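Work through these exercises with the model open. Each task is followed by a worked solution.

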Amino acid sequence: MKKKLTMELVKSLMEESYTLVWTDYRDNLDGNRDLLQECLDKRSPEPLWEKAEEWCGDSEWEAAKEIMEKLKERCVLFHDSDEEEVESFFEEHDDEIRGEIYARDDSDVLMELIKHTDDIPVRVEMLSDYDCINSNWWESQGGYRYEESYFGDMVDALRLNPARVKKMLVEKGYTVHGCFPNRKSRDGKEQVTYEHFYQELINSCCGANLLTYIGKVSLKDLYDIGFSFKEVIIPKGNYCGIFSSIYGGGSLFGMELQQDVKLELKPKDRYGFRFRLDNEKSETECSIQHVYGACDSFFGETLRIVS
């Protein structure tokens, strides 16, 4: 018996779920670090949502169109509906039918892309009221100074005893100026060894360097926390060094961390630490990967983020 063509009938012919967009295991976000950095800058996943919608919109539309064509066939073949009547009904209720199909979509393209994306190399750079540290040749011309200098802030960040740093530099033949207080409470709690610190200094050959910690970050962790967080924990065994993303140079990244290091992140251009994806395709800054020709393993283990 011929049934009246209604939305209830069309819905009854639909499958419980549809996969409108298929994601291959090779599809990922490895080549979209500019987009991911935008999410970090805005402290929101919204740019990623917008881009995913842009990527998937046409595919979803075409998949829904194909499903609607099959529904039309079923209405004609199994429910004795007139072809013109079916076309007219589907045209009149296009948005409603398409909306119902979208509501049954079980594909999650964005999460699949995130799952297939490798952990991302990152830099955590120390910002200071005293700008930066230059090459060892430049700094040593006037002598190293602990007070009111980026050098001093770097010594503090690494939990080094200033008095021991002074002693080491003097023994190596370098000139120092001003007070280098003896902070005995730091002895045995240093983030790096004094010898590694010295080697990093003398091998620095570029201007406008920042103390830079390196590691990798899980994109899923970033996404789950909404790209907004206050601290990161760099694991013991990772490295830090001196690097200039402005000029594309630095030192050895030879300071191995002797303990887990928690770093508090601050907004751009304030004292504290700045979190950056190391994007070798960036057009606005130099990356460690590009300058050093480094692969992902150079960055060590994955860091932890703290909301």
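**Exercise 1. The cores**

Task: In this predicted model, list the contacts of Phe 151 beyond its neighbours within four places in sequence. Then place Phe 151 in a nonpolar core.

Solution.
- Start with the contacts. Phe 151 touches Ile 133, Tyr 144, Arg 145, Tyr 146, Val 165, Leu 169, Phe 180, Phe 197 and Leu 201.
- Next, the core. Phe 151 belongs to the largest nonpolar core, which has 83 residues. Along with Met 154, Phe 197, Tyr 213 and Phe 275, Phe 151 touches the most other members.
- Which helix gives this core its largest share? Helix α3 does, with nine residues.
- A second, separate core has five residues, including Phe 243, Phe 253, Ile 288 and Phe 299.

**Exercise 2. Helix α3**

Task: Check the span of α3 against its residue count, then locate its bend and its cover.

Solution.
- Helix α3 runs over residues 46–78, 33 residues in total. At 1.5 Å a residue, the expected span is 48 Å. The end C-alpha atoms lie 44 Å apart, which agrees.
- The helix bends by about 45 degrees at Cys 56. Cys 56 is also one of the buried residues of α3. Others among them are Pro 47, Leu 48, Ile 67, Met 68, Leu 71 and Cys 75.
- The cover over the buried residues includes α1, α2, α4, α5, α6 and α11.
- Just after α3, Asp 80 takes a positive phi of about 55 degrees.

**Exercise 3. Two positive phi values in loops**

Task: Compare the settings of Arg 159 and Phe 253. Is each buried or partly exposed?

Solution.
- Recall the background: most residues other than glycine have a negative phi.
- Arg 159 has phi near 60 degrees. For Phe 253, phi is positive at about 50 degrees.
- Arg 159 sits in the loop between α8 (150–157) and α9 (162–171). Phe 253 sits in the loop between β7 (249–250) and β8 (255–256).
- Arg 159 has 34% relative accessibility, so it counts as partly exposed. Phe 253 has 3%, so it counts as buried.

**Exercise 4. A buried arginine**

Task: Find the polar partner of the Arg 186 side chain and describe the surroundings of Arg 186.

Solution.
- Arg 186 lies in the loop between β3 (176–177) and α10 (194–202).
- Its relative accessible area is 8%. The cut-off for buried is under 20%, so Arg 186 is buried.
- The Arg 186 side chain makes a polar contact with the side chain of Asp 156, at 3.0 Å.
- Beyond neighbours within four places in sequence, Arg 186 also contacts Tyr 146, Val 155, Arg 159, Leu 160, Asn 161 and Pro 162.

How values were computed: Residues are numbered from 1 along each chain as its sequence is written. This is a predicted model: local features need pLDDT of at least 70, side-chain atom pairs count only at pLDDT 80 or more; totals for chains, interfaces and linings use all residues. Side-chain values use heavy atoms; hydrogens and water are left out. Helices (H or I, at least four residues) and strands (E, at least two) are DSSP runs, numbered from the N terminus. Buried means under 20% relative accessible area, exposed over 50%, partly exposed in between (1.4 Å probe, protein chains only). A polar contact is a pair of N or O atoms within 3.5 Å; within protein, one must be able to donate a hydrogen and the other to accept it, and residues adjacent in sequence count only if both atoms are side-chain atoms. Contact means heavy atoms within 4.5 Å. The expected span of a helix is 1.5 Å times one less than its number of residues. The bend at a residue is the angle between axes fitted to the seven residues ending there and the seven starting there. A nonpolar core is a set of buried Ala, Val, Leu, Ile, Met, Phe, Trp, Tyr and Cys residues joined through side-chain atoms within 4.5 Å.
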